[in-house]
Amino acid sequence: MGEMKIVVAGAGGRMGRALVRAIIETEGLALSGALEYDQSEFLGQDAGTLAGIGETGIAVSSDPMPLMAAADGVLDFTNPDVSTDLAALAAQGRIVHVIGTTGFSETQKAAIKAASRHAVIIKSGNMSLGVNLLDRLVEQAAASLGEDFDIEIVEMHHRHKVDAPSGTAYLLGNAAAKGRGIELEERSIRARDGLTGPRNPGDIGFATLRGGSVVGDHSVIFAGPSERIEITHRAQDRGVFARGAVTAALWGKGQKPGIYDMKDVLGLKS
């Protein structure tokens, strides 16, 4: 069947460069295009040179339509506006769209869901194997421990991250809520300041830290009477997300159109 031709969106960024390297290193995949916004300083440069792996013959472009028309899939860790537009193009081409972007509005989520009628969309707040295993552990722990164990989610990322809490924090919050049989949006606490009063039993709290070059740290704390359980994942390199994304792309080829996540890819659905 030949190699799966992949376009990388945001190819000049830190994550985009990691994705380019992962594609080149993965058997069965071929880099077929690289995208950046129309005023990017990286336009015209070789995607492989930017990624530190030498020339690939793939120049960075700002025009997604011809690249995606000739591709089998697109890897996309950009921003919600770009990802929503790319989902529409993926639907037109009936290709695989792997989305690692976070921070979508409800309107954007609806547009991506509509695109999934024709495209294979694999969307996750975190593409790493470790985090998706953590997701399952959190759900199981939340189901096993009663409301006398308070749940708090603490995340830290680099100073350049623009959304908070992180998509992974929401992923873990939803896992905890599912384990408890509640709706996260009805029971989550995103900020505390001033005289907040005592903690409500059953709430799920979030704390967000930003600074330095932290790739991504996430901890879920179950604080009970006289004991505390902490489950933590620390990403030390963006390569863990890139490897997950290329695994998702290969899995998505041949799947029926629809929205999937990394638990589908990894066979972790409960």
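How many bridges pair E5 with strand E6 (residues 120-123), and in which sense, parallel or antiparallel? Four, in the parallel sense. Here a pair of strands needs at least two bridges found by DSSP between them, and the elements themselves are DSSP runs numbered from the N terminus: helices (H or I) of at least four residues and strands (E) of at least two.

Before you click on, note that this is a predicted model, in which local features need pLDDT of at least 70 and side-chain atom pairs count only at pLDDT 80 or more, while totals for chains, interfaces and linings use all residues. Residues are numbered from 1 along each chain as its sequence is written, and side-chain values use heavy atoms, with hydrogens and water left out.

**Stop one: E5 and its partners**

Stay with E5 and select isoleucine 99; opposite it in E6 stands lysine 123. To get from E5 to E6, follow the chain through helix H5 (residues 106-115), a right-handed β-α-β crossover. Right-handed means that, with the strands pointing away from you, the path from the first strand over the helix to the second runs clockwise.

Now show the side chains of E5 (residues 96-99). Val96 and Val98 sit on one side, His97 and Ile99 on the other, and all are buried (under 20% relative accessible area with a 1.4 Å probe, protein chains only; exposed is over 50%, partly exposed in between). In a regular strand, side chains alternate between the two faces of the sheet.

Next, pick strand E4 (residues 73-76), which pairs with E5 in the parallel sense over four bridges. Leucine 75 has valine 98 of E5 as its bridge partner. Helix H4 (residues 80-93) carries the chain from E4 to E5, in another β-α-β crossover that is right-handed.

**Stop two: E2**

Jump to E2 (residues 29-35). Six of its seven residues are buried, so the rest of the structure largely encloses this strand. Strand E1 (residues 4-9) runs parallel to E2, joined by six bridges; try methionine 4, whose partner in E2 is leucine 29. Add helix H1 (residues 14-25) and you have a right-handed β-α-β unit made of E1, H1 and E2.

Strand E3 (residues 60-61) also runs parallel to E2, joined by two bridges. Select leucine 35 to find serine 61 of E3 opposite.

**Last stop: arginine 238**

Look in the loop between strand E11 (227-235) and helix H9 (239-252) for arginine 238. Leaving aside residues up to four places away in sequence, arginine 238 touches Arg14, Met15, Ala18, His158 and Val215 (contact means heavy atoms within 4.5 Å).
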